[in-house]
Amino acid sequence: MDSQPSSKALHYRINTNISQLLQRFENIMATATTESTSHTSTAVETYQLDVESTALVRAAEDILALTRTMKETWLFGKLDTLGEDEADVKRREELEMNAAAIQKAIEDGGVLKAAK
């Protein structure tokens, strides 16, 4: 797993998989709703249903593989799903400064003296 997918590639793959699932399902429903009595057309429809259902299963398996890839990249810290804008960075820095000030006050004993 040397090359990590970019977020653009992941979005493209998600959109492709979703469109494949929808298209295959629509094809199955369209084939299933046709009414014919000839043996030839029934055989063709049966074959088409088999092809479309196989493609539907492959698209679902690809989505499962995609979710596994995303979980792996997320677990190993290489998938930046949240991102930080300037407000988040400023807020985080303020929280770190406040935590450091509280830790220093506790270490100096100022908090414990005020409580007595």
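Which residue just after α2 takes a positive phi? The points below address this and related features of the structure, which is a predicted model.

1. **The end of α2.** Glycine 77, just after α2, takes a positive phi of about 80°. Phenylalanine 76 has its place in the loop between α2 and α3.

2. **Length of α2.** Helix α2 covers residues 39-75, and its 37 residues should span 54 Å at 1.5 Å a residue. The end C-alpha atoms of α2 are 54 Å apart, so the expected span and the model agree.

3. **Buried face of α2.** Glu45, Glu52, Ala55, Ala59, Leu66 and Thr73 are the buried residues reported for α2. The partner against which these buried residues pack is α1 (7-32). The list includes two glutamates, Glu45 and Glu52, alongside Leu66 and the alanines Ala55 and Ala59.

4. **Salt bridge in α2.** The structure holds five salt bridges, one of which joins glutamate 72 to arginine 68, with the closest N and O atoms 3.0 Å apart. The two residues lie four apart in helix α2, and therefore about one helical turn separates them. An α-helix has 3.6 residues a turn, so residues three or four places apart point the same way. Arginine 68 is exposed, its relative accessible area being 57%.

5. **Salt bridge between arginine 92 and glutamate 96.** In helix α3 (residues 86-108), arginine 92 and glutamate 96 are four residues apart, which means a separation of about one helical turn. Their side chains meet in a salt bridge at 3.4 Å, N to O. Arginine 92 is partly exposed, with a relative accessible area of 34%, and glutamate 96 is likewise partly exposed, at 47%.

6. **Salt bridge between aspartate 108 and lysine 104.** Helix α3 also holds aspartate 108 and lysine 104, again four residues apart and so separated by about one helical turn. These two residues form a salt bridge, and their closest N and O atoms are 3.1 Å apart. Both aspartate 108 and lysine 104 are exposed.

7. **Nonpolar surface patch.** Trp74, Leu75 and Phe76 make a nonpolar surface patch of about 420 Å². Of these residues, phenylalanine 76 is exposed, with a relative accessible area of 59%; the cut-off for exposed is over 50%. The loop between α2 and α3 contains phenylalanine 76, while α2 runs over residues 39-75.

Definitions and conventions: Residues numbered from 1 in each chain as written. Predicted model: local features only at pLDDT ≥ 70, side-chain atom pairs only at ≥ 80, totals over all residues. Heavy atoms only, no water. Expected span 1.5 Å × (residues − 1). Buried < 20%, exposed > 50% of the residue type's maximum accessible area, 1.4 Å probe, protein only. Contact = heavy atoms within 4.5 Å. Salt bridge = Lys/Arg side-chain N within 4 Å of Asp/Glu carboxyl O. Patch = residues over 30% accessible without salt bridge, like charges linked within 9 Å, V, L, I, M, F, W, Y side chains within 5 Å. Areas by Shrake-Rupley, 256 points an atom, 1.4 Å probe, with all protein chains shown as cover.
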